[in-house]
Amino acid sequence: MSVSIPGMEQAECIMLFGYNPSASHPIVARRIVKAKEKGAKIIVCDPRVIETARIADIHMQINNGCNVAFLNAFANSIVSQGLHDQKFIEEHTNGFDEWWETIKNYTPESVQHITGIEPEVVHEAARMYATAKTSIIGWGMGVAQQKQNVRTVHTIAAIACITGQIGKPNAGLAPVRGQNNVQGSCDMGMLPNLYPGYQKVTDPAAREKFAKAWGVPLERLSDHDGYKLTDVGHLAEEGKVHAFYNFGEDPLQTEPDAIDLARQLGKLDLFICQDIFMTQTTMLADVIFPGTSWGEHDGVFSASDRTFQRFTAAVPPKGECKHDWQIFQELSTRMGYPMHYDDTKQIWDEVRELCPTFYGATYEKMEGVGHAQWPIPTIEHPGTPDMFLGGKFTTPDNRAILMSHDWEPPTELPDEEYPLILCTVREVGHYSCRSMTGNCRALSMLAEEPGEIHIHPDDAKARGIGDGELVRAYSRRGEAMSRAVLDERINKGTVYMTYQWWIGKCNNLTLHAVDDRSHTPEDKFSACQVQAIEDQVWAEQRLEEMYNELKTDLASTAAAQDIEPGAVPASQVKRAMSIV
């Protein structure tokens with residue numbers, strides 16, 4: 001994010017694109033409500049009538065899969081109406097003429113059949129966004145989990161630049177993260193092309209710095225980009241990846257085409273899982289390391305807006321359980337690279353020394369309810385709520401590069417056999433893959449298996465499906481049982497499934513197709529069909545049987561590993577070492 005979450009309250013206009021904050025980020029949603037109370041204009045672009053659409057000044061219920069086409073039309077409208085900031089463009093950007101060569105072909109009128117939005121509504125929204133003193137565009141997984149996700153972000157960034165709605169306080173770009181501390185993972189180098197602090201592995205100077213700090217020869221550090229998570233299954237099948245260390249993830253729940261992924265992971269020579277609960281993925285592991293939960297250790301989280309926040313342990317670990325960093329350093333030491341830290345402060349101070357943009361974020365500054373927002377290059381620096389002030393960007397000449405792209409249709413379009421569009425979404429009652437919240441009895445009482453599939457009443461009627469009935473959803477990849485919710489707030493021909501559920505697993509249906517740059521899967525668009533189940537009594541019984549079978553399998557796998565709650569058996573460490 002180039003802006004801060006608290007700063008959203010001060011914006012005069014907030015445009016949400018493919019982002020449902022009330023379900024994904026309730027605290028951000030509250031900021032948006034406060035901005036509305038202060039007089040801000042709200043624009044919502046989403047195929048559903050999400051909660052924020054209820055308070056929006058303009059809601060454009062776009063067609064699924066039209067993102068780049070719609071944003072090109074929005075940008076076209078801005079320029080055609082003379083709403084662009086010519087001075088900002090000339091002084092702070094490059095490539096406007098080349099950018100316009102593509103954008104000029106996307107008038108709101110010419111792409112209405114793709115977007116589904118009346119041209120005058122697009123023009124009105126463009127005026128509202130461009131003429132406000134400060135505007136913010138926020139987006140979420142509705143952008144990130146699409147075939148053209150990187151190209152969509154390029155287009156959003158260009159819109160902010162051509163209107164001058166960036167480089168000043170409370171105006172800019174607000175991409176939010178899909179899970180807790182995803183921003184922190186990226187900050188710490190959990191990307192295959194970057195060291196901590198967004199320093200490229202291909203940069204010789206960065207490699208030399210890290211090699212010196214870690215006391216290893218320069219040639220020991222990779223000089224090329226690594227693999228991405230979504231590549232692992234296929235690379236294992238091709239024999240290019242032989243070992244996978246899975247830390248705190250449940251890819252069999254969260255990654256697309258889950259049935260095929262399970263088969264691919266079975267081809268690994270070594271599969272290690274480190275987690276706090278038994279999951280469907282952990283059941284496949286050769287070695288299991290039980291780690292500590294957020295309540296049992298201390299460290300630092302990064303919020304979506306680049307804010308570091310320190311947290312401390314609430315309770316001590318149980319049994320022989322060890323902190324994640326302790327497991328890492330013991331394994332590293334036994335593999336031949338001695339690693340030793342006394343506490344997380346030592347680790348954090350090393351991060352600060354090696355990452356110039358993080359240096360001022362000391363534990364002392366984050367004590368209590370304190371925080372530090374990067375870039376924060378010195379101890380005295382107050383942090384950076386708004387980036388690129390004065391129109392100075394992180395490019396060699398400090399000018400933004402405008403990029404445009406032609407729209408491409410989604411990978412798998414509906415047909416006669418699979419006539420519905422499947423879009424995966426989140427819901428507020430459970431979190432992520434549900435490995436934590438699924439073990440919470442109170443939350444299970446609020447929402448339970450097999451989850452919900454939202455379907456338009458017309459589509460439900462055509463299939464003989466009643467509200468609340470169990471149904472069979474299926475695609476070319478697999479099937480899942482789910483509970484139908486008749487929903488007039490969604491587009492006809494589209495169904496929405498929440499991805500947290502184990503029995504109603506939508507990723508049995510989703511397509512493994514990824515953006516060619518980010519390799520993020522196209523979870524928001526694949527073809528499927530939904531079928532009524534005539535015998536609802538049988539369906540309810542079968543649902544309970546499948547759920548009990550899964551829970552029994554999870555428990556028996558844990559028992560077979562000789563793992564008591566919170567214990568890390570020494571035999572597991574020895575086993576992992578022998579295989580490595």
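About 330 Å³ of space lies in the largest cavity of this predicted model. A search of the whole structure turns up 3 cavities of 30 Å³ or more. The general idea behind such a search is simple: rolling a probe the size of a water molecule over the atoms shows where empty space is left.

Who sits around the largest cavity? Its lining is made up of 27 residues, and Gly-18, Asp-46, Met-141, Gly-142 and Lys-524 are the ones that lie nearest its centre. Sorted by character, the lining of the largest cavity comes out as 9 nonpolar, 13 polar and 5 charged residues. At least two lining residues apiece come from helix H1 (21–24), helix H8 (141–144) and strand S16 (420–425). Of the contributors to this lining, S16 gives the most, with 3 residues.

Next comes the second largest cavity, with about 150 Å³ of space. Here 15 residues form the lining, and those nearest the centre are Thr-230, Gly-233, Leu-261, Gln-264 and His-512. The split for the second largest cavity is 7 nonpolar, 5 polar and 3 charged. Helix H12 (232–237) and helix H14 (258–265) each put at least two residues into this lining, and H14 has the largest share, 4 residues.

H14 is worth a look in its own right. Its buried residues are Ala-258, Leu-261, Gln-264 and Leu-265. Looking down the axis of H14, these buried residues fall within an arc of 110°, so they line one face of the helix. The cover over them includes H12, strand S9 (243–247), helix H13 (251–254) and strand S10 (270–275). Two of the buried residues named for H14, Leu-261 and Gln-264, also turn up among the residues nearest the centre of the second largest cavity.

On to the packing. The largest nonpolar core has 48 residues, and those with the most contacts inside it are Ile-43, Met-60, Phe-70, Phe-74, Trp-99 and Tyr-129. Helix H3 (residues 67–80) gives the most to this core, namely 8 residues. What does Phe-74 touch, once its neighbours within four places in sequence are left aside? The list runs to Met-15, Val-122, Ala-125, Ala-126, Tyr-129 and Ile-159. A second, separate core has 25 residues, including Ala-236, Met-278, Ile-503 and Ala-539.

Lys-41 is found in strand S2 (residues 41–45). Is Lys-41 buried or partly exposed? Its relative accessibility is 39%, so Lys-41 counts as partly exposed. Not counting residues up to four places away in sequence, Lys-41 touches Glu-12, Cys-13, Ile-14, Asp-57 and Met-128. Lys-41 and Gln-536 are 495 residues apart in sequence, and the distance between them in space is 46 Å, C-alpha to C-alpha.

Helix H15 (residues 324–334) has a mixed set of names on its buried list: Asp-324, Trp-325, Ile-327, Gln-329, Leu-331 and Ser-332. After H15 comes Gly-336, with a positive phi near 110°.

That leads to the backbone. Most residues other than glycine have a negative phi, and most peptide bonds are trans. Against that background, a few spots in the model stand out.

Asn-170 has a positive phi, near 60°, in a residue other than glycine. Asn-170 sits in the loop between helix H9 (149–162) and strand S6 (172–175). For Tyr-198, phi is likewise positive and near 60°. Tyr-198 belongs to the loop between strand S7 (194–195) and strand S8 (199–200), and with a relative accessible area of 28% Tyr-198 is partly exposed.

Where are the cis peptide bonds? One runs from Trp-374 to Pro-375, with omega near 0°; Pro-375 is in the loop between strand S14 (372–373) and strand S15 (400–401). Another joins Glu-449 and Pro-450, with omega about 5°. Pro-450 is placed in the loop between helix H17 (441–446) and strand S17 (452–455).

How values were computed: Residues are numbered from 1 along each chain as its sequence is written. This is a predicted model: local features need pLDDT of at least 70, side-chain atom pairs count only at pLDDT 80 or more; totals for chains, interfaces and linings use all residues. Side-chain values use heavy atoms; hydrogens and water are left out. A nonpolar core is a set of buried Ala, Val, Leu, Ile, Met, Phe, Trp, Tyr and Cys residues joined through side-chain atoms within 4.5 Å. Buried means under 20% relative accessible area, exposed over 50%, partly exposed in between (1.4 Å probe, protein chains only). Contact means heavy atoms within 4.5 Å. On a 1 Å grid over the protein atoms alone, a cavity is a set of points where a 1.4 Å probe fits but cannot get out, and a pocket is an open set with protein on both sides within 12 Å along at least five of seven lines; lining residues have an atom within 4 Å of a point. Grid points are joined across faces, edges and corners, and a volume is the space filled by probe spheres set on the points. Ala, Val, Leu, Ile, Met, Phe, Trp, Tyr, Cys and Pro count as nonpolar, Asp, Glu, Lys and Arg as charged, and the others, Gly among them, as polar. The arc is that of the directions from the helix axis to the C-beta atoms.
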